[in-house]
Amino acid sequence: LSANITQKTLTVSGAQAENKVYDGNTSDTISGASLLGVVGSDNVSLSNPELGTFAQATVGTGIAVTANLKLAGADSANYSLTQPTGLSANITQKTLTVSGAQAENKVYNGTKTDTITGASLVGVVGSDNVSLSNPELGTFAQATVGTGIAVTANLKLAGADSANYSLTKPTGLS
């Protein structure tokens with residue numbers, strides 16, 4: 001007589017997809033995953049309990065996440081794994097900063113408009129298409145003659161990938 005012994009199917013409980021800040025890729029972290037159905041003291045565990053894949057790489061809320069969990073351990077060949085489903089998480093905007101921005105002096109003309117030079121973005125991921133849409137616009141705190149007048153940078157983001165970012169404007173300009 002002969003017969004077959006087939007793998008026992010294990011399930012996962014407690015798995016949660018983690019939110020992340022935009023980084024240009026679809027990888028995600030899954031936390032809290034534990035195996036259900038292991039027989040006795042068999043040596044079986046999750047080999048990569050932190051791997052998941054977002055359905056998109058761009059900013060969004062409630063994005064579907066596919067679990068990519070695998071089994072490990074001396075007895076893992078005796079089991080198969082049912083991946084957890086229904087996972088989702090958020091990808092939030094990455095904050096960019098500006099370096100090199102300088103407010104320029106000007107001759108009185110009755111307006112608060114100023115020119116900002118040297119502004120460049122810091123923190124853009126890879127070759128993402130994002131830039132400053134108005135890198136030379138600033139506003140003086142007053143329109144009258146003075147020295148060391150505070151200037152507010154009126155910088156905004158532009159480009160096909162700009163929705164994945166937020167901007168921290170430079171401060172301390174004068």
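Leaving aside its neighbours within four places in sequence, with which residues is Val 98 in contact? This tour of a predicted model begins with that residue.

**First stop: Val 98**

Select Val 98, which is found in strand β13, a strand made of residues 94–99. Beyond its neighbours within four places in sequence, Val 98 is in contact with Ala 119, Ser 120, Leu 121, Leu 132, Leu 155, Leu 167, Thr 168 and Pro 170. Val 98 counts as buried because its relative accessibility is 14%, and the cut-off for buried is under 20%. Next, add Ser 47 to the selection. The two residues are 51 places apart along the chain, and 41 Å separates their C-alpha atoms.

**Second stop: Lys 20 and Asp 23**

Move now to Lys 20, in strand β3, which covers residues 20–21. Display its side chain together with that of Asp 23: the two meet in a salt bridge, with an N to O distance of 2.8 Å. The structure holds one salt bridge, so a student who has found this pair has found that interaction. Side chains of opposite charge can pair when their charged atoms come close.

Are the two partners buried or exposed, or in between? Lys 20 counts as buried, at 13% relative accessibility, whereas Asp 23 counts as partly exposed, at 31%. To see the surroundings of Lys 20, select the residues it touches, not counting those up to four places away in sequence: Asn 25, Thr 26, Ser 27, Phe 54, Asn 90, Ile 91 and Thr 92.

**Third stop: Asn 164**

Proceed to Asn 164, in the loop between β20 (157–158) and β21 (165–168). Although it belongs to a loop, Asn 164 is buried, with a relative accessible area of 5%. Show Val 59 as well: its backbone nitrogen lies 2.9 Å from a polar atom of the Asn 164 side chain. Not counting residues up to four places away in sequence, Asn 164 touches Tyr 22, Thr 58, Val 59, Gln 93 and Lys 94.

**Last stop: the largest pocket**

Finally, select Lys 106, Phe 140, Thr 144, Gly 146 and Ile 149. The largest pocket has a volume of about 230 Å³, and of the 17 residues that line this pocket, these five are the closest to its centre. How many residues of each class make up the lining of the largest pocket? The lining has six nonpolar, ten polar and one charged residues.

Key:
Residues are numbered from 1 along each chain as its sequence is written. This is a predicted model: local features need pLDDT of at least 70, side-chain atom pairs count only at pLDDT 80 or more; totals for chains, interfaces and linings use all residues. Side-chain values use heavy atoms; hydrogens and water are left out. On a 1 Å grid over the protein atoms alone, a cavity is a set of points where a 1.4 Å probe fits but cannot get out, and a pocket is an open set with protein on both sides within 12 Å along at least five of seven lines; lining residues have an atom within 4 Å of a point. Grid points are joined across faces, edges and corners, and a volume is the space filled by probe spheres set on the points. Ala, Val, Leu, Ile, Met, Phe, Trp, Tyr, Cys and Pro count as nonpolar, Asp, Glu, Lys and Arg as charged, and the others, Gly among them, as polar. Helices (H or I, at least four residues) and strands (E, at least two) are DSSP runs, numbered from the N terminus. Buried means under 20% relative accessible area, exposed over 50%, partly exposed in between (1.4 Å probe, protein chains only). A polar contact is a pair of N or O atoms within 3.5 Å; within protein, one must be able to donate a hydrogen and the other to accept it, and residues adjacent in sequence count only if both atoms are side-chain atoms. Contact means heavy atoms within 4.5 Å. A salt bridge is a side-chain nitrogen of Lys or Arg within 4 Å of a carboxyl oxygen of Asp or Glu.
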